[in-house]
Amino acid sequence: MTDRSSGETDLIKLYSQRILALTTEMPLTERLTAPDATVRRRAPLCGSTVTVDVKVEDGRVTGYGQDVKACALGQAAAAIVGGAVIGRAHAELARGRDQLRAMLAKDGPVPEAPFDGFEVLVPAREYRNRHASILLAIEAATQAVEEAQAGKRAAI
């Protein structure tokens with residue numbers, strides 16, 4: 001087998017049925033009409049973008065909407081975030097983000113629940129050029145909750 005066909009086989013394995021299923025079952029894809037904060041993140045290398053809206057009450061996410069224009073890996077990651085974000089506090093999102101970063105870059109363990117769905121993306125560790133796209137949704141959600149809380153504190 002040549003190096004090229006070996007690389008193509010690895011890429012096909014990366015886009016497993018589980019990852020592709022997540023891209024078609026993405027929750028919370030409607031943008032919010034009156035969010036407490038909106039954050040747009042872009043992966044410079046591939047151009048993937050994620051825009052998230054959040055509503056936050058008592059320090060927890062009560063509403064979430066996302067617009068995802070990303071590769072299958074970025075879409076899968078956004079689906080995982082969308083399925084877990086409601087009810088989460090900023091600290092939980094930040095922990096999930098940090099654990100996902102470590103899983104990808106440092107061969108760390110899969111993030112703890114409720115973000116343990118990121119396990120499906122373990123094969124992406126080998127594709128560093130895809131890491132930024134995978135991180136977009138969790139980074140945007142974490143930043144949006146932080147901004148919403150800061151805005152609410154400033155309004156008091």
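The paragraphs below walk through this structure from its overall build to a few individual residues. The model is predicted, so local features need pLDDT of at least 70 and side-chain atom pairs count only at pLDDT 80 or more, while totals for chains, interfaces and linings use all residues. Residues are numbered from 1 along each chain as its sequence is written, and side-chain values use heavy atoms, with hydrogens and water left out.

Let us start with the whole chain. Its secondary structure comes to five helices and three strands; here helices (H or I, at least four residues) and strands (E, at least two) are DSSP runs, numbered from the N terminus. Reading from the N terminus, you meet the elements in the order α-α-β-β-β-α-α-α. The chain has 156 residues, and 43% of them are buried. Buried means under 20% relative accessible area, exposed means over 50%, and partly exposed is in between (1.4 Å probe, protein chains only). The accessible surface comes to about 8000 Å², and carbon and sulfur atoms hold 50% of it; these areas come from the Shrake-Rupley method with a 1.4 Å probe, and for residues only the protein chains shown count as cover.

Contacts tell you how the chain folds back on itself. A contact means heavy atoms within 4.5 Å. Of the contacts in the chain with a separation of 6 or more, 61% are between residues 24 or more positions apart.

Tyrosine 64 is a good residue on which to see this. It lies in strand β3 and counts as buried, at 4% relative accessibility. Setting aside residues up to four places away in sequence, tyrosine 64 touches a list of residues that includes Leu28, Glu30, Val52, Val81, Ile86 and Ala141. With alanine 141, the sequence gap is 77 residues, yet the C-alpha atoms are 8.6 Å apart. Glutamate 30 is another partner: its C-alpha atom is separated by 8.3 Å from that of tyrosine 64, although the two are 34 residues apart along the chain.

Follow that link to glutamate 30 itself, in the loop between α2 (17–24) and β1 (37–42). Glutamate 30 counts as exposed at 61% relative accessibility. Beyond its neighbours within four places in sequence, glutamate 30 is in contact with Tyr64, Gly65 and Gln66. The loop between α2 and β1 also holds alanine 34, which is partly exposed with a relative accessible area of 49%. Alanine 34 and glycine 63 are 29 residues apart in sequence, and their C-alpha atoms are 9.9 Å apart.

Now for some backbone geometry. Most residues other than glycine have a negative phi, and most peptide bonds are trans. Aspartate 58 has a positive phi, near 50 degrees. It sits in the loop between β2 (49–57) and β3 (60–69) and is exposed, at 83% relative accessibility. Aspartate 107 also has a positive phi, near 55 degrees. This aspartate 107 lies in the loop between α4 and α5 and counts as exposed at 58% relative accessibility.

The peptide bond worth a look is the one joining alanine 113 and proline 114, which is cis with omega about 15 degrees. Proline 114 is found in the loop between α4 (90–105) and α5 (131–155).

Both of these residues also help line a cavity. Rolling a probe the size of a water molecule over the atoms shows where empty space is left. On a 1 Å grid over the protein atoms alone, a cavity is a set of points where a 1.4 Å probe fits but cannot get out, and lining residues have an atom within 4 Å of a point. Grid points are joined across faces, edges and corners, and a volume is the space filled by probe spheres set on the points. One cavity of 30 Å³ or more is counted, and the largest cavity has a volume of about 30 Å³. Its lining is made up of Glu92, Arg95, Gly96, Gln99, Glu112, Ala113, Pro114 and Phe115.

Phe115 leads us to the last stop, the aromatic rings. Rings of Phe, Tyr and Trp (its six-membered ring) pair if their centres lie within 6.5 Å; planes under 30 degrees apart count as stacked, over 60 as edge-to-face and the rest as tilted. The count comes to one aromatic pair. The rings of phenylalanine 115 and phenylalanine 118 have centres 6.2 Å apart and planes at 20 degrees, so this pair is stacked. Phenylalanine 115 is buried at a relative accessible area of 1%, and phenylalanine 118 is buried at 0%.

Methods. On a 1 Å grid over the protein atoms alone, a cavity is a set of points where a 1.4 Å probe fits but cannot get out, and a pocket is an open set with protein on both sides within 12 Å along at least five of seven lines; lining residues have an atom within 4 Å of a point.
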